[in-house]
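Got the viewer open? Here's a short walk through one corner of the chain, stop by stop.

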Amino acid sequence: MSLPSLGGDPSAAALIRTGDRLPMAPWARYRLNGERWAELGRRLRADVLPLVTLWCDGEAVHALFMDGPDLPLVASVAVEGRRYLSLSPARPAVLACERIVRDLWGIEAMDTGALLPWLDHGLWGLSAPLSPRPGPAPWPPEPPEFEQTGDEAARGATQLGIGPVQALVAGPVHLRLTVDGDRIARLQPLLGYAHRGIAALMRGRQAGDAAALAARLDAESGVAHQTAFARAVEAACGWPVTARADTLRGLMGELERAAMELHQLVRTLRAAGLDRVAGPPAALREGLLGLCERAFGHRLMMDAIVPGGLARLPSETGLAGLLPELERQAAAMPSLRRSLERKAGRRLAGRAGDSLERAVARLARTERALRDARSWLLADAGGAVLVDAPAQGWPEEAVEGLGAAASRHGTLWHWVRLQAGHVAASHVHDPVLPLWQALEQSAVGLVPSELPLLCASLGLSVSGADQ
Amino acid sequence: MSAPPGSDRPMLSLLHLGGGDCGGCALELEAIAPDAWETLGLRLVAVPRHADLLLVSGCVTRTLLRSVEACWAAMAAPKQLVAIGACALDGGPFRGGYAVEGGLDGRLPVALAISGCPPRPALILSELRRLLDAPDAEAETVRPGSTALAATPAAAVPPQAGPVAPPPALLPAAPRRPLGAGDSSAG
């Protein structure tokens, strides 16, 4: 079926752009009526337009697409009768988002499979916490459900529960394994134990104060979260940032990525029982964190970035110490790679997928991040790092902004709606969330004893997924 | 039991429980090299039954509360509880949220609270050394100077089995369900 008024272009992106253009900054948002949203769902079955994330603000559901590498495109549809039409039949990756919308808002996606809870275990004391009128807690709380097919049961496959207190991943998560013979036939993660309700905690806070929560969404990509949040606020308010603040955010982002890639490598090597081989990359990471502390005042660079720029000037002596160390570390990468292949190759190659390949790719990304950090550092021309927020003034009317930053797992997005400088609604997309779905697929066919290595080598994080 | 190098103290086992937080404290714990743990006379374990020390980072979320209590209850005495970072003690920046019960303070007997957001690895090591070097009788009440904590009476420790008295809640008390088959933390 096609709608007669849509013109000739059959693409999903063209359909979105026929909607009402709403003033989100720096990219517009398009409101579709129910009929066009339904048509969007149909077109997505044949169209490759990538769907990044889906969220709700109580009145509308929003979907962020990428219409090109640097061109986000947001489509919205009004929620009617606490329901909206699901997009997950065409884009299974947003099923987690639809489950989260149901848990937080009590708003259901129609025309998809059963929406099992994702975050809500029935223990919050209420349901639909973000809704203007939260519901009662279920009584008794429903135990988590895990799928098992009749076929698995007939073959005598057993289910095995690990966690939420476990040593596979830093942070609480429950993994339900279906083991058939000596192999994993199915892995179902149960998240939500680390859910802190950050969207609710941010709501009503002045945007400058909310930055401290953005910094604590996930320490493994704290700089990326701070940057994306600040960019969303700055876009919404139409604030400029100084060239120096932008350059130093780029520098901090690359330092964080280099340090985290090294840390993931250390985790992988330790999970494979190679503590000694993990020593040199661990020492390099410690060196980077020390440099971050001397330049920016905090090893993990928390509370360094605020809407309007940076919280404070970096230490000039700290910055001066960075250049030789970045060059020394980048130069050390080839020998680190050779030593990794020699000492750890046999233990990692072909295990848990291919852990050696992932470890070598991590070293390549570390080297690139170190070189990019050096380029940012050389581009730093000095000057002010903060355009004072009160001097710029908060817009009185409701404004919306979208901000992005590169994290270790890909691009991370923050969306905010501000009212007189206070957060009215927000959404965070951390690309670690789809990684949990990747774990479900990568674990199939492995022996359970390879699971620690797989978890370490994928670089899973609970904090960014649970929020 | 083997002794740590240069000490007559037996090796102790340590379990890290990550709660609801940004993961910063866990990163700083992982930054401690394996031989530094060994020098301190500690080894990391994955199961509460094997642990002498429980290190908790992150706030106690309502969803995790039962697992934290079950984990502590599953540890054999003598045992000690260490709170790492602001979240573990009182919920830190996440205090007051619908999903957050709070911290360990007033809920379980915290022997040592290491403050910081997150604390540096060197501070974690030095504070743990202070705890381990304290005479046994004083160990439960060891407090760092910066965090004035009221000593939690031993009676606050939940019994090994049976229902746990609900702690003061920020919202109407969440209902409790029977222990699920998946909670391996219950031992």
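One bit of vocabulary before we click: two residues "meet", or are in contact, when heavy atoms lie within 4.5 Å. Also keep in mind that this is a predicted model.

Start by selecting residues 158–162, 174–180 and 183–190 of chain A, which are strands E11, E12 and E13. Together they make an open sheet of 3 strands in the order E11-E12-E13, with antiparallel pairing. Turn the view along the sheet and you'll find a twist that averages 20° from one strand to the next. E11(A) and E13(A) are the edge strands: each has a single partner strand, so one side of each is left without a neighbour in the sheet.

Zoom in on E12(A) and E13(A), which run antiparallel and are joined by 7 bridges. A handy spot to label here is Leu175(A), which stands opposite Pro189(A) in E13(A).

Next, add residues 432–443 of chain A. That's helix H13, lying across E12 and E13 and running at about 165° to E13(A).

Now bring in residues 451–458, helix H14 of chain A. Its axis and that of H13(A) come within 11 Å and cross at roughly 145°, and the crossing is right-handed.

Which residues of H13(A) meet H14(A)? Show side chains for Leu435(A), Leu439(A), Ser442(A) and Ala443(A) on the H13(A) side, then Leu451(A), Leu454(A), Cys455(A) and Leu458(A) on the H14(A) side. Colour that contact by class and you get 7 nonpolar residues, 1 polar and no charged ones.

Definitions and conventions. Residues numbered from 1 in each chain as written. Chains lettered and ligands numbered in written order. Predicted model: local features only at pLDDT ≥ 70, side-chain atom pairs only at ≥ 80, totals over all residues. Heavy atoms only, no water. Pairing = 2+ DSSP bridges. Helix = DSSP H or I, 4+ residues; strand = E, 2+ residues; numbered from the N terminus. Axes fitted to C-alpha atoms, helices over the stretch in contact; angles between N-to-C directions. Left-handed = near helix turned anticlockwise from the far one by under 90°. Nonpolar A, V, L, I, M, F, W, Y, C, P; charged D, E, K, R; others polar.
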